[in-house]
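Student: I am new to this structure, so could we go through its sheet and its helices together, one step at a time?
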Amino acid sequence: VKGLKKDFSVRTRFGAPKQVVKAINDVDFSLYEGETFALVGESGCGKSTTGRAVLRLIEPTEGRILYNGTDLAELGPRRLTALRKEMQMVFQDPYSSLNPRKRVGEMIEEPLVIHGIGDKKERTLRALQLLEKVGLHPEHYYRFPHEFSGGQRQRIGIARALAVRPKIIVCDEPVSALDVSIQSQIINLLEELQEQEKLTYLFISHDLGVVRHMADRIGVMYMGRLVEVAPTERLFAEPRHPYTQELLAAIPAAAPGEGKLRRAPLGEMPSPLHLPPGCAFQNRCPHATERCRGEMPVTRRLDESHEVQCHLYDIGEVTA
Ligand code: SF4
Ligand code: MG
């Protein structure tokens, strides 16, 4: 993903002139085969928009998405459809991502129909196998979504994503809508499936606990920018960006009874409509200087696996 940008035009009130929100602002990252790369950040930071742009569910304003060297924007509709088969999505809310009037089996088969895979009998067989693979029962084939719990519905969503044997799955907050007890079941399932099906995950979450467990590498997003990227343990041990440091400090302590935030919650995010010049984190950053208020920091590579976008790190190679 190179130089990805997505602008949205919004009206703040009826009749007001349209204003531009830079939902994704010059984001670069790589996704390596077989890994889980997590995008984390508070709601509105652009992580879901990035996931959707990668799948071209939304059209980026600018930037390139290369898949094994092929620029997705340069593909014709037929090749794009073929390639889409290799990239699927698991959505946050299993309640709203399933059609209430369709039977479960039909929903799982739908991507196979779209991509013209197999005949009816083969598709049914595949759906039955998938139900089993995600921990449901073949008899669930004829049921409707409302007959299932949240966790079961997410299993259906996962079965549906797997139907066309994708290589990459964008998981957009796949457990955020679920009870904590159910979350770990779904996370374990995603991990098992990754192993079995050799999947690559782009894992979008605001939950650092989940991300620490799941991800090989983490990218931290703030106000549409990717401000730090590092391998998971490295990020937790040596967070470099002041925003990452704040996020980690705000994680609830693990011990029972110490569940409250260790520090005061993070300050307000600036309005995306009125971003100040310079670094977008300046109003919350304890290290902000005059330079931060006038000049946007570039992304620098501290070593081969750790990148940060902050004026505090003026050493290291500038990326892209
Ligand atoms: Fe803080 Fe400046 Fe770094 Fe932004 S560039 S995070 S304001 S020190
Ligand atoms: Mg989101």
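Student: In what order do the nine strands of the open sheet lie?

Tutor: The model is a predicted one, and its open sheet has nine strands with mixed pairing. The edge strands, each pairing on one side only, are S7 (87–90) and S14 (317–318). Read from S7 to S14, the order is S7-S8-S9-S3-S10-S11-S13-S12-S14.

Student: Which residue in S10 stands opposite Leu39?

Tutor: Strand S3 (residues 36–40) and strand S10 (residues 217–222) run parallel, and four bridges join them. Within this pair of strands, the residue in S10 that stands opposite Leu39 is Gly219.

Student: What angle does the direction of helix H1 make with that of S9?

Tutor: Helix H1 (residues 47–54) packs on the sheet, where it touches S3, strand S8 (168–172), strand S9 (200–205) and S10. Helix H9 (residues 242–249), for its part, lies across S10 and strand S11 (225–231) and runs at about 105° to S10. For H1 and S9, the angle between the directions is about 150°.

Student: How many charged residues are there in the contact of H3 with H5?

Tutor: The axes of helix H3 (residues 104–114) and helix H5 (residues 150–162) come within 7 Å and cross at roughly 30°, and this crossing is right-handed. From H3, Val104, Met107, Ile108 and Pro111 meet Ile156, Ala159 and Arg160 in H5. Of the residues in this contact, six are nonpolar and none is polar, while the number of charged residues is one.

How values were computed:
Residues are numbered from 1 along each chain as its sequence is written. Chains are lettered from A and ligands numbered from 1 in the order in which they are written. This is a predicted model: local features need pLDDT of at least 70, side-chain atom pairs count only at pLDDT 80 or more; totals for chains, interfaces and linings use all residues. Two strands pair if DSSP finds at least two bridges between them. Helices (H or I, at least four residues) and strands (E, at least two) are DSSP runs, numbered from the N terminus. Two residues are in contact if their C-beta atoms, placed from the backbone, lie within 7 Å. Axes are lines fitted to C-alpha atoms, for helices over the stretch in contact, and angles run from 0 to 180 degrees between N-to-C directions. A crossing is left-handed if the near helix is turned anticlockwise from the far one by less than a right angle, and right-handed if clockwise. Ala, Val, Leu, Ile, Met, Phe, Trp, Tyr, Cys and Pro count as nonpolar, Asp, Glu, Lys and Arg as charged, and the others, Gly among them, as polar.
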